[in-house]
Amino acid sequence: MKRQVSWYPARGARRLATIALLALAAALVTGHAGLLLLAAPLLAALVAAPHGRRPDDVEINATASATRCFEREEIELAVTAAVAGQMETISFMLELPAEFSLVTGSAAQVTLECRTARASWTVRPEVWGRRSIGPVHVTCSGRGGTWSTAVQAWAGPIDVFPRPPAVRPRLVPPELLRRIGEHTGRAVGEGIEFAGVRSYLPGDRLRDVNWRVTSRRGQLHVNQRAAQRAADLVVMIDAFSDIGPPGETTLDTAVRGAAGLVAAYLRTGDRAGIVTLGGMLRWLGPAPGERQFYRIAEMVLGVRFHSDVTPDLGRIPRTALPPGALVVLFSPLIDQRSLGVVTDLRQRGFPVVVVDVLRAEPSGLARSRLSDLGLRIWRLDREAQRFGLESAGIPVISWPVDEELDAAMATVRRVPAMAGRP
Amino acid sequence: MRAVTALAGVVLVVVPVAADPRGLYSVAVVGLLCALVTGWPQRGAAVARHVAATVRARTGIPARAQIAPGRGPSAVGPDTATAVAAKGREPGPPGPDAAERVRTAAGTVVAIAVIILCAASRLDTAAMAGEGLLLLGFLLLLGRPAGLAGGTARAWLRLRLPAVLGAVAATGIVLAALAAVPGSSPWLALGGLAAAAAAYVVAAPRDGPDGSRRG
């Protein structure tokens with residue numbers, strides 16, 4: 001991409017001129033002729049430096065090796081600069097945003113005596129989101145280093161998907177779909193789990209005959225097996241609040257956990273969907289397949305953007321929440337609106353599980369004698385909140401920093417069922 | 001090369017103080033500290049940020065990042081969210097661009113301190129000429145592009161040769177002028193120097209607008 005540029009005295013040349021003028025002024029003010037010996041070399045250096053051509057435009061190209069990647073995957077970033085005339089130096093200074101880290105390559109790279117220059121780096125995105133890499137400050141200095149021009153370049157945008165943690169689909173809703181899947185249902189079918197024994201009927205396979213029961217009863221009996229069924233999973237992300245250190249905020253944790261859970265269920269043939277609470281209500285109905293994971297991941301990228309829209313949480317569409325779907329809410333349990341939503345869903349008969357993603361406590365004020373008391377009240381308040389949810393039949397899972405999501409979810413053996421279907 | 005720059009800065013400051021140890025120690029101390037910062041700008045930037053954070057903490061003035069417009073749902077979160085959000089707002093390590101700015105700013109301060117010290121001291125003409133050439137070397141090293149190393153640095157230094165030769169010539173001219181008319185007015189010396197510079201600019205060959213050379 002060609003860019004029109006303006007040339008300015010280089011920073012070093014301006015500094016030489018400024019210091020020389022100061023020395024001259026000091027000589028005049030103090031009457032100390034010797035100070036001219038400080039100014040003369042600086043001025044002479046400016047005059048003696050060769051002055052080359054200054055082209056009107058510079059061609060800059062910034063490219064990244066991928067437009068989509070997962071967190072902590074490495075990306076090659078390359079920037080090339082081409083100038084019509086001979087330059088003394090073309091320097092590149094990569095200023096990475098906090099969400100990226102530099103893996104290889106020096107942040108500052110310089111090429112001497114050239115018309116074209118290229119700099120490359122390997123960077124690693126640390127936090128999910130839709131981001132551009134840069135800016136890369138490209139500074140071209142003409143011959144003698146007295147004139148320079150600077151342009152900025154960005155590469156991207158790049159969609160950085162959240163890296164899903166390893167999770168197994170442990171939680172199974174009481175009601176399963178009629179589609180074949182990997183969860184053991186209550187209905188009798190063609191699965192592998194033992195479900196019961198019944199009398200032989202014409203058409204039953206001989207390999208299903210239970211010979212022990214047959215010999216005891218004197219009549220042919222066959223084993224029944226439980227049906228293997230698929231489940232519907234709807235993940236909800238509470239984006240009403242986003243707190244914590246950058247890269248490890250509650251929203252980051254929630255999005256990563258949701259991605260892990262969705263990937264695990266989709267891998268076993270289940271259907272997965274998502275609803276984001278916060279700002280404009282966004283949802284994606286449950287669907288199977290790997291493609292659905294990427295659709296969900298792309299939708300999640302928009303969660304972080306600020307929105308002044310107040311969502312109508314009472315109108316979550318039926319296609320986003322099919323009957324019997326397992327609902328898992330990732331929330332820091334701070335905003336009452338999201339808790340109201342899950343309580344309402346539970347009362348409507350949905351199996352609901354809440355994953356608490358708040359991993360830090362408020363830091364007490366050093367000068368306040370009441371901070372300890374305030375912290376204790378805060379803890380009690382949260383305990384009461386969790387107790388209230390569990391009393392309503394909503395298990396609350398804590399996900400500490402030093403624990404895998406899979407281990408945290410293992411604490412819930414089964415999702416409570418409730419009479420009455422939505 | 002960073003250590004050489006810092007050493008040049010230290011020598012620049014120490015020479016006028018050693019020649020006339022009567023005062024201006026505060027200027028010398030500031031100059032010495034800044035000379036050291038030009039050698040180790042990362043530490044200088046870290047110290048500057050630490051000092052700024054301490055001052056902000058004492059005075060309650062928010063940092064620029066903390067008064068930036070809302071960056072997401074936290075802006076509408078309840079009070080509890082704000083209390084927890086206060087964690088993790090520690091300043092990060094200074095970036096390469098910040099270190100570069102600190103280095104060049106410190107170098108400029110060193111140069112100004114040297115001018116003040118030289119104006120107040122009784123350095124003889126030869127020492128002053130040495131100071132001038134050393135000051136030029138210091139400023140040239142200060143203006144080197146970030147990221148120079150090894151062979152590239154040597155090649156870049158070779159490109160500075162015409163400027164250094166011009167500076168040596170100019171120093172010689174001024175020395176000769178001062179020796180020829182001892183005790184003359186600085187105005188007179190300045191006029192002579194300006195005339196010499198103007199003659200050089202007029203006579204020296206340079207590139208035309210279309211790249212052709214003309215004399």
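## A walk through a two-chain model

Let's start in the middle of things: the largest nonpolar core has 96 residues, and those with the most contacts inside it are Leu233(A), Val235(A), Ile237(A), Ala258(A), Val262(A), Val327(A) and Val328(A). Keep in mind throughout that this is a predicted model. Which helix gives the most to this core? That is helix H4 of chain A, residues 250–267, which puts in 11 residues. As a bit of background, nonpolar side chains tend to be buried together in soluble globular proteins.

Val262(A) is a handy residue to click on here. Setting aside neighbours within four places in sequence, Val262(A) is in contact with Val235(A), Ala272(A), Phe293(A) and Ile296(A). There is also a second, separate core, this one of 65 residues, and among its members are Leu16(A) and Leu43(A) from chain A along with Cys34(B) and Leu135(B) from chain B.

Two of those partners of Val262(A), Phe293(A) and Ile296(A), lead us to a helix pair. Generally speaking, two packed helices are described by the angle between their axes and the distance between the axes. For H4(A) and helix H5 of chain A (residues 290–300), the axes come within 9 Å and cross at roughly 165°. Angles over 145 degrees count as roughly antiparallel, so that is what H4(A) is to H5(A). The crossing of this pair, H4(A) with H5(A), is right-handed. On the H4(A) side you'll find Val255(A), Ala259(A), Val262(A), Ala263(A) and Leu266(A), and they meet Glu290(A), Gln292(A), Phe293(A), Ile296(A), Ala297(A) and Val300(A) in H5(A). Sorted by type, the residues of this contact come to 9 nonpolar, 1 polar and 1 charged.

Now swing over to chain B. Its secondary structure adds up to 9 helices and 2 strands, and along the sequence the pattern reads α-α-α-α-α-α-α-α-α-β-β. Of the 215 residues in chain B, 33% are buried. If you take the contacts in chain B with a separation of 6 or more, 78% of them are between residues 24 or more positions apart.

How do the two chains meet? In this model, 67 residues of chain B are in contact with 62 residues of chain A. The elements of chain B that give two or more residues to its side of this meeting are helices H4 (79–85), H5 (96–120), H6 (125–142), H7 (151–159), H8 (161–180) and H9 (186–203), plus strand E1 (206–207). The largest share comes from H8(B), with 11 residues. By type, the chain B side divides into 43 nonpolar, 18 polar and 6 charged residues.

One spot to zoom in on is where helix H2 of chain A (residues 36–48) meets H6(B): their axes come within 7 Å and cross at roughly 40°. How does H2(A) lie relative to H6(B)? The two helices are oblique to each other, because an angle of roughly 40° falls outside the parallel, antiparallel and perpendicular ranges. H2(A) passes H6(B) in a right-handed crossing. From H2(A), the contact uses Leu37(A), Leu38(A), Ala40(A), Pro41(A), Leu42(A) and Ala45(A), while H6(B) supplies Thr125(B), Met128(B), Ala129(B), Glu131(B), Gly132(B), Leu133(B), Leu135(B), Leu136(B) and Leu139(B). That splits into 12 nonpolar, 2 polar and 1 charged. Leu135(B) is also part of the second core we passed earlier.

Finally, some backbone details back in chain A. As a rule, most residues other than glycine have a negative phi, and most peptide bonds are trans. Against that background, a cis peptide bond joins Gly134(A) and Pro135(A), with omega about 5°; Pro135(A) sits in strand E8 (residues 129–141). Glu113(A) isn't a glycine, yet its phi is positive, near 45°. Is Glu113(A) buried or partly exposed? Glu113(A) has 13 other C-beta atoms within 10 Å, so it is partly exposed. Its home is strand E7 of chain A, which runs over residues 108–125 and also holds Ala108(A). Ala108(A), by contrast, counts as buried, because it has 20 C-beta neighbours inside 10 Å.

Leu333(A) is another non-glycine residue with a positive phi, about 55°. You'll find Leu333(A) in the loop between strand E15 (326–331) and helix H6 (336–347) of chain A. Despite being in a loop, Leu333(A) counts as buried, with 23 C-beta neighbours inside 10 Å.

Technical notes. Residues numbered from 1 in each chain as written. Chains lettered and ligands numbered in written order. Predicted model: local features only at pLDDT ≥ 70, side-chain atom pairs only at ≥ 80, totals over all residues. Helix = DSSP H or I, 4+ residues; strand = E, 2+ residues; numbered from the N terminus. Buried ≥ 20, exposed ≤ 12 C-beta atoms within 10 Å, placed from the backbone. Contact = placed C-beta atoms within 7 Å. Nonpolar A, V, L, I, M, F, W, Y, C, P; charged D, E, K, R; others polar. Core = buried A, V, L, I, M, F, W, Y, C linked by C-beta atoms within 7 Å. Axes fitted to C-alpha atoms, helices over the stretch in contact; angles between N-to-C directions. Parallel < 35°, antiparallel > 145°, perpendicular 65-115°, else oblique. Left-handed = near helix turned anticlockwise from the far one by under 90°.
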